[in-house]
Amino acid sequence: MRRDRSDELWRMANEHFVGGVNSPVRAFKSVGCAPVFIEKGEGAYIVDVDGNRYIDYVCSWGPLILGHAHPEIVRAVCEAAGRGTSYGACHELEIELAKRVKERFPSVELLRLVNSGTEATMSAIRLARGYTERELIVKFEGGYHGHADSFLSKAGSGLATFGVPDSAGVVKDAAAKTLNVPYNDISSVERSFERFGEEIAAVIVEPIAGNMGVVPPEGGFLEGLRELCDRFGSLLIFDEVITGFRVARGGAQELFGVVPDMTILGKILGGGLPIGAYGGRRKVMSLLAPEGGVYQAGTLSGNPLACAAGIATLDLLTDELYRSLESLSAELEAALSASLAERGVRHVINRVGSMLTLFFGVERVADYGDARNADVDMFARYFNAMLERGVYLAPSAFECAFVSAAHTKREIEKTLAAHEEALAAI
Ligand code: PMP
């Protein structure tokens, strides 16, 4: 497969952008090759600038649950654009989108639209701190909640560790207000609450982790978080930027029946256009400006194009669509797993609905420690072999593969054929 034009553009991109990219993982660093440049997306496929076609399992990192350039979304966006691309003022599409969110997420009584997941999590934390008049945040190792200072910290050793900055430029004091705890380890969370409970404003969690690869919550974990937050007067925040509208119409909270105080949404909510949202209990949300004293604003917030794409997307997500995503994804998982087992390749596939991760070299991944034991060299070889055979996976061992409604049995079969060849080649 030739990638001459991609390579040429890559050289040019490096002259203009830091590391050639506008978001780090796009640089393909952990898989040791140059990125491909995309010419266009069509349904389940992306086509690069050299004319190579790939079955796309990145789907823009989750938003494209209907695949690329779905005609109804394209039409909705074009129609909206014809009426102006931004007003910085109130309009009806915001209300239409909000109605759809609240119908699917009954825990959301009031919400605020923003432009990215990062903006939503950052603002939700400020609001939680304002509401509780407390400063500490509990998050989980291997969880990702965007790039605001409070979240760029990780645990050192110990069960519950005050964060140290994970990125240069993060103020130590900001990181130190974040407690990092292992995912799926409710007794560690309990110990943090026993020590610091009166100071904890909120627990923020991906109810199905997606940023250390897919890691589902173990039985009782989310319920345990709910109980501890209730006992200590802290807020429970579900970051459903990936899982919202992905694992069910009403996200992970519908699937597991645990009700958070606040929910973060993004990705699918904007149907591939930039958006984020945070919402929750009226009493909490009412503390936001202009009603209350917690400030947050945005020039492009509630953008009509993003709202139009979001509405069109949510309206197409029927129960039947989720059933077919589930059966197709289950088929993919079972076939990959069987083929790996047959070849004696140690692995585990974690999957919830249409989000899945294949970890090489480990048999169980329940937290970040387990995920880090996965064989990243094997993944890099596999990634390159799959790319060469027309399958575009996320260029990191710790990401999800997303199946979209545009994927069919045909794409699954082609993926499996590529997988067999790739395994034989590496
Ligand atoms: N939360 C989660 C769970 C995410 O996966 C992401 C991004 N992948 C974010 C927050 C940040 O969203 P954004 O990239 O839109 O800022």
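This report walks through three helix pairs and two empty spaces in a predicted model.

**How the helices pack**

Two packed helices are described by the angle between their axes and the distance between the axes. Here is how that works out for three pairs.

| Helix pair | Axis distance | Crossing angle |
|---|---|---|
| α2 (residues 71-82) and α10 | 8 Å | about 150° |
| α3 and α10 (residues 304-316) | within 9 Å | roughly 40° |
| α13 (residues 376-388) and α14 (residues 409-425) | within 9 Å | roughly 125° |

Let's start with α2 and α10, which pack at an angle of about 150°. That makes α2 roughly antiparallel to α10, because angles over 145 degrees count that way. Their crossing is right-handed. On the α2 side, the contact is built from E72, I73, A76, V77, A80 and A81, while α10 brings P304, L305, A308, A309, A312, T313 and L316. Sort those residues by class and you get 11 nonpolar, 1 polar and 1 charged.

Helix α10 also packs against α3, with the axes crossing at roughly 40°. So α3 and α10 are oblique to each other. This crossing is left-handed. From α3, the residues in the contact are L93, E94, E96, L97, R100 and R104; from α10 they are P304, C307, A308, G310, I311, L314 and D315. This time the classes come out as 7 nonpolar, 1 polar and 5 charged. If you'd like residues to look for in both lists, P304 and A308 of α10 turn up in the contact with α2 and again in the contact with α3.

Now for α13 and α14, whose axes cross at roughly 125°. They are therefore oblique to each other, and the crossing is right-handed. Look for Y382, A385 and M386 in α13, which meet T415, A418, H419, A422 and L423 in α14. The contact has 6 nonpolar and 2 polar residues, with no charged ones.

**Where the empty space is**

Rolling a probe the size of a water molecule over the atoms shows where empty space is left.

How many cavities of 30 Å³ or more does the structure hold? There is 1, and its volume is about 250 Å³. It is lined by 18 residues, and L356, T357, L358, L393 and A401 are the closest to its centre. Three elements each supply at least two lining residues: α11 (319-342), β15 (355-360) and α13. Strand β15 gives the most, with 4 residues. By class, the cavity lining has 14 nonpolar, 3 polar and 1 charged residues. Notice that α13 is back: besides giving residues to this lining, α13 meets α14.

The second largest pocket holds about 600 Å³ of space. Its lining has 28 residues, and those nearest the centre are E94, L111, R112, L113 and S301. The elements that give two or more residues to this lining are α3 (92-104) and β4 (110-114). Which element has the largest share of the lining of the second largest pocket? That's β4, with 4 residues. By class, the pocket lining has 15 nonpolar, 10 polar and 3 charged residues.

One residue links the two halves of this report: E94 lies among those nearest the pocket's centre, and E94 of α3 is also part of the contact with α10.

Definitions and conventions: Residues numbered from 1 in each chain as written. Predicted model: local features only at pLDDT ≥ 70, side-chain atom pairs only at ≥ 80, totals over all residues. Heavy atoms only, no water. 1 Å grid on protein atoms, 1.4 Å probe; cavity = no way out; pocket = protein on both sides within 12 Å on 5 of 7 lines; lining within 4 Å. Points joined across faces, edges and corners; volume = space filled by probe spheres on them. Nonpolar A, V, L, I, M, F, W, Y, C, P; charged D, E, K, R; others polar. Axes fitted to C-alpha atoms, helices over the stretch in contact; angles between N-to-C directions. Parallel < 35°, antiparallel > 145°, perpendicular 65-115°, else oblique. Left-handed = near helix turned anticlockwise from the far one by under 90°. Contact = heavy atoms within 4.5 Å.
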